[in-house]
Amino acid sequence: MGDHGELHLQLRENGEESMKVSPRKQTSSMNLIQQQARINPRITKQNYQRWVRIGVYTFLLLSGQSVGVMLGRLYFDKGGNSKWLATLVSLIGFPILLPLYMIKSLKTSPSNITLQSNPPTPTKLAFVYVSLGLLIALGCFLYSVGLMYLPVSTYSLICASQLAFNAFFSYFLNSLVFTPFIINSLVLLTISSSLLVFHTEPVSDGSDHPVSRAKFITGFICTVAASAGYGLMLSLTQLAFKKVIKKESFKAVMDMIIYQSMVASSAILIGLFASGEWRSLKREMDGFDLGKVSYLMILLWTTISWQLFTIGCVGLIFEVSSLFSNAISVLGLPIVPVFAVIFFHDKMDGLKIVAMILAVWGFVSYGYQNYLDDFKDSSKVENQDSNQVSAEVVHVHP
């Protein structure tokens, strides 16, 4: 009985000691739960804000691209003949973006960080801006030639090949990993564009006479070459942010847009005067089918549309990647051909329908892969934050 009483007393004392320690442990556990509860809403809010920005950029890209292509085709269809002017209006609107520099308190995404303390030299920056600007100028001119000689629906479907070119260049320049979904997407988009080589629908060049087969092939080749150049430009832009600029901020993105557009516009303006097409612009405006006011309004709204497209394009590169930006551009494929059928009476024959289905399928395949990558990255961020909180609680002594 004595031993039992001593044992009972000892257990009671141990219980009292446990009661003295447990409040601290309970407090630590409560702190862990509270901090995790604060982290999850914060992560959710950041993801929500990021996807809102991506949604806005996507809308600007798709709407600007669709309206710009339709107005560009309307210019040629109603009597416009200057390829240099059609190219210039897609580039020269960059001063519209200058007021955006006045935005001071823009909230940036978690990826908007400085990757190095030493800024790049002015010489390196000038080389980047001039090189990419000239590449943009060449690509836009080739796009104008393609739009002049091809039906809008055919032109838009061929442009889908830019996603395949972008993935190809990103594999070498940006270490893109080719997953089965991306490979499937590239194969489908390549087949979709290749089918249109066999298309024989004639297109008007602004007169009552259809263009020749030779001009159709010229337009096809120029559009494919422009798509390749555009895919290369996006990959090089992403590489420039990573290796040269090494700073992802709103100002860095705006600098890239403004200086590239300035170089490209200057190059096209020189081409306009060197080619002599500027001499016929007055006569072209006087003879435009819809009148002088419509002529000027088409050029003005084409300029605005392509600047909205530029904001959306570079914004998506900034938020996600060049390949995602290009994929969203390809998403506009079902939009432009439908509008082309309504406004320009393009024919949607079986070959075009098959090409469109393959192109959309290719985009969905890539989009699903991007969804998997984003979900994987989000899970990693949540696990890292949870582990950090757990480590802080472990260091709390009773």
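Colleague: Why are α5 and α6 called oblique to each other?

Modeller: This is a predicted model, and in it the axes of α5 (residues 161-173) and α6 (residues 180-195) cross at roughly 140°. Roughly antiparallel needs an angle over 145, and roughly perpendicular covers 65 to 115. The angle of roughly 140° fits neither class, so α5 and α6 are oblique. Their axes come within 8 Å, and the crossing is left-handed.

Colleague: Which residues make that contact?

Modeller: On the α5 side, S161, L163, A164 and A167; on the α6 side, S185, L186, L189, T190 and S193. By class, that's 5 nonpolar and 4 polar residues, with no charged ones.

Colleague: And what makes α3 roughly antiparallel to α7?

Modeller: Again the angle. Helix α3 (residues 122-149) packs on helix α7 (residues 213-245) at about 160°. Angles over 145 count as roughly antiparallel, so α3 and α7 get that label. Their axes are 7 Å apart, and α3 passes α7 in a left-handed crossing. The contact of α3 with α7 divides into 20 nonpolar, 8 polar and 2 charged residues.

Colleague: How do you know whether C140 is buried or exposed?

Modeller: The cut-off for buried is under 20% relative accessible area. C140 comes out at 19%, so it counts as buried.

Colleague: What about C222, buried or exposed?

Modeller: C222 has a relative accessible area of 14%, so by that cut-off it is buried.

Colleague: How many disulfides does a search of the whole structure find?

Modeller: The count is 0. To qualify, a pair of cysteine sulfur atoms has to lie within 2.5 Å, so with 0 disulfides found, no pair meets that cut-off.

Definitions and conventions
Residues numbered from 1 in each chain as written. Predicted model: local features only at pLDDT ≥ 70, side-chain atom pairs only at ≥ 80, totals over all residues. Heavy atoms only, no water. Axes fitted to C-alpha atoms, helices over the stretch in contact; angles between N-to-C directions. Helix = DSSP H or I, 4+ residues; strand = E, 2+ residues; numbered from the N terminus. Parallel < 35°, antiparallel > 145°, perpendicular 65-115°, else oblique. Left-handed = near helix turned anticlockwise from the far one by under 90°. Contact = heavy atoms within 4.5 Å. Nonpolar A, V, L, I, M, F, W, Y, C, P; charged D, E, K, R; others polar. Buried < 20%, exposed > 50% of the residue type's maximum accessible area, 1.4 Å probe, protein only.
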